[in-house]
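I set out to record what I looked up in this structure, one topic at a time. The entries below follow the order in which I worked.

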Amino acid sequence: MMMSPAHRETVTRPDRAPTIMWFRDDLRLKDNPALCDAAARGPVVCLYVHDPAFPLGGAEKWWLHGALTALDHDLRACGGRLWIMAGDPWENLSWLVGQTGAGAVVWNRRYGPHARQADADIKAALKARGIDACSHSGNMLHEPWQVRTKQGTPFRVFTPWWRAVQAMGAPLPPLPAPVRPTFAPVPAAVADRLVAVADLALLPVRPDWAGGLRGQWQPGEAAAHARLESFVAEQVDGYATQRELPAQPATSGLSPYLRFGHVSPRQVWHAVEATGKGDQDTACFLSEVGWRDFAQSTLFDFPDLSTANLRREFDAMPWRHDPAALRAWQAGKTGYPIIDAGMRELWHTGWMHNRVRMIVASFLTKHLLIDWRAGAAWFADTLVDADAASNPFNWQWVAGCGLDAAPYFRIFNPVSQGEKFDPAGEYVRTWVPEIARLPDKYIHAPWKAGSVVPAGYPSPIVDLAGGRARALAAWKSL
DNA sequence: TGAAATGTTGGGGCG
DNA sequence: ACGCCCCAACATTTC
């Protein structure tokens, strides 16, 4: 008796050529268009390639260890596993295609110049070998080329770009995780070449500085959704006003989960919309998600975002070479409490409140007149949410050399910013305990307290008025 | 998604 | 009663 086509499809599935799902910055099972594509084609190989051409910061490495562990765990829960390899992606992929007889490789797109070039080369090389290669949209609300001005050019200013995005209506609804996917077996020759997460040596040893990160973060898709759901249920009310206060747990904390793709921006968008609130708080939060997409789009359209001033007149900025000042900033020993609190929060937890990021970035690029790229490099090494687009984009925004940037002369005064956004000194006292006993009136300006200032807390490394005047003079010279 | 300098106004103390 | 000064409070301009 002949089997029906549908029945034959079902029983022959495991014999079909597998599809390689190449995970990169999309370490999730839900709302993963490439993974859904792979699962719909037949047996799946879930692959991660640790690629030395994309060096990670220390905090990112720590996160990635947990992220890969979680993804492998989630895959094993549905009968699969994560195949981890190290080295050049094309070398590994081409070898793996040969070993598994894979008929296709699929992935979700990246938007940085190096990543796009690598992906385009691999796609061409696969197709030249008769292997199907398919890229998907999984990491943005809309692809960069879908949001254009009437002239078809990239937007250069956030607000009209965001209006255009909103006029497009809802982004695609999130996909569920693949239902009962089949997984390709691991050939013996491949098993010998796969590595364990631990073999990637992502965790710090001697010293193990990651205690603060472990205390604060749980990488992985499950933790991402737990955080998203509790934020939407309990914290989004009041977000518009409370988010500016670093002592309040008012922000979403989703940035590293978005960075590694444990959750997609489209999932975030729909989770917020599903509340039906549509008020100022949800609009404010969604616009922050919008800034993330705008940074990705800017990187797509201006590929040298991370290395070159988008406003080229800043090429003549007389940045100072001052390693001692840079080290003091990095270590949180500038003598300005709000700066030092932020830099220590960063070092300890791999994260810093956004308001404080702006203040410390303004201080570095203006009062210290140090190149924003030095600040971006430090953030890239220490942030768990370090993002190839958002990090340089935000530095250029603060430094004034971005497209839609804050004007250079907008110089944050770390004392008045501290008094405005941490009025009771709660944030400073958490991260700069040696001055915790100072009264509120001196908590943001300890040098005014005279002999009461605890020994060991540094005097200000730069005079605010003098640093400000120097920055303005440098900017006027452009 | 500033800060500081400068300008203006108006109430109150005081000769 | 009046003018004058002082200065806080607010507004505008400049960087």
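**Entry 1: Around the DNA**

I noted first that the model is a predicted one. I then looked up which residues surround DNA strand B, and I found Trp291, Met358, Phe409, Arg410, Ile411, Phe412, Asn413, Ser416, Gln417 and Leu464. I sorted the residues of this surface near DNA strand B by character: 6 are nonpolar, 3 are polar and 1 is charged.

**Entry 2: The domains of chain A**

I next asked into which domains chain A is divided. Domain 1 consists of 16-137 + 191-219, domain 2 of 141-171 + 220-245 + 263-301, and domain 3 of 312-476. I looked up how domain 1 and domain 3 meet, and I found 11 residues of domain 1 in contact with 11 residues of domain 3. On the domain 1 side, helix H3 (58-76) and helix H8 (211-216) are the elements that give two or more residues to the side that touches domain 3. H3 supplies the largest share of that side, with 4 residues. By character, the domain 1 side divides into 5 nonpolar, 5 polar and 1 charged. I also recorded that the centres of domain 1 and domain 3, taken over C-alpha atoms, are separated by 36 Å.

**Entry 3: Helices H15 and H16**

I reminded myself that two packed helices are described by the angle between their axes and the distance between the axes. For helix H15 (residues 337-349) and helix H16 (residues 354-367), the axes come within 9 Å and cross at roughly 115°. H15 is therefore roughly perpendicular to H16, since angles of 65 to 115 degrees count as such. I noted that the crossing of H15 and H16 is left-handed. In the contact, Ile338, Ile339, Gly342 and Met343 of H15 meet Val356, Ile359, Val360 and Phe363 of H16. I classed these contact residues as 7 nonpolar, 1 polar and no charged.

**Entry 4: Helices H4 and H5**

I then asked at what angle helix H4 and helix H5 pack. The angle between helix H4 (residues 89-100) and helix H5 (residues 113-128) is about 25°, and their axes are 11 Å apart. Angles under 35 degrees count as roughly parallel, so H4 and H5 are roughly parallel to each other. Their crossing is right-handed. Pro89, Trp90 and Leu93 of H4 make the contact with Ala118, Ile122 and Ala125 of H5. I counted the residues of this contact by character and obtained 6 nonpolar, no polar and no charged.

**Entry 5: Two backbone details**

I turned last to the backbone, recalling that most residues other than glycine have a negative phi, and most peptide bonds are trans. I found that the peptide bond from Arg206 to Pro207 is cis, with omega near 0°. Pro207 is placed in the loop between helix H7 (188-191) and H8. I also found that phi of Arg180 is near 40°, a positive value in a residue other than glycine. Where does Arg180 lie? I located Arg180 in the loop between helix H6 (158-167) and H7.

How values were computed. Residues are numbered from 1 along each chain as its sequence is written. Chains are lettered from A and ligands numbered from 1 in the order in which they are written. This is a predicted model: local features need pLDDT of at least 70, side-chain atom pairs count only at pLDDT 80 or more; totals for chains, interfaces and linings use all residues. A residue is near a molecule or strand if its C-beta atom, placed from the backbone, lies within 6 Å of it. Ala, Val, Leu, Ile, Met, Phe, Trp, Tyr, Cys and Pro count as nonpolar, Asp, Glu, Lys and Arg as charged, and the others, Gly among them, as polar. Axes are lines fitted to C-alpha atoms, for helices over the stretch in contact, and angles run from 0 to 180 degrees between N-to-C directions. Angles under 35 degrees count as roughly parallel, over 145 as roughly antiparallel, 65 to 115 as roughly perpendicular and the rest as oblique. A crossing is left-handed if the near helix is turned anticlockwise from the far one by less than a right angle, and right-handed if clockwise. Two residues are in contact if their C-beta atoms, placed from the backbone, lie within 7 Å. Domain bounds come from an automatic or database domain assignment.
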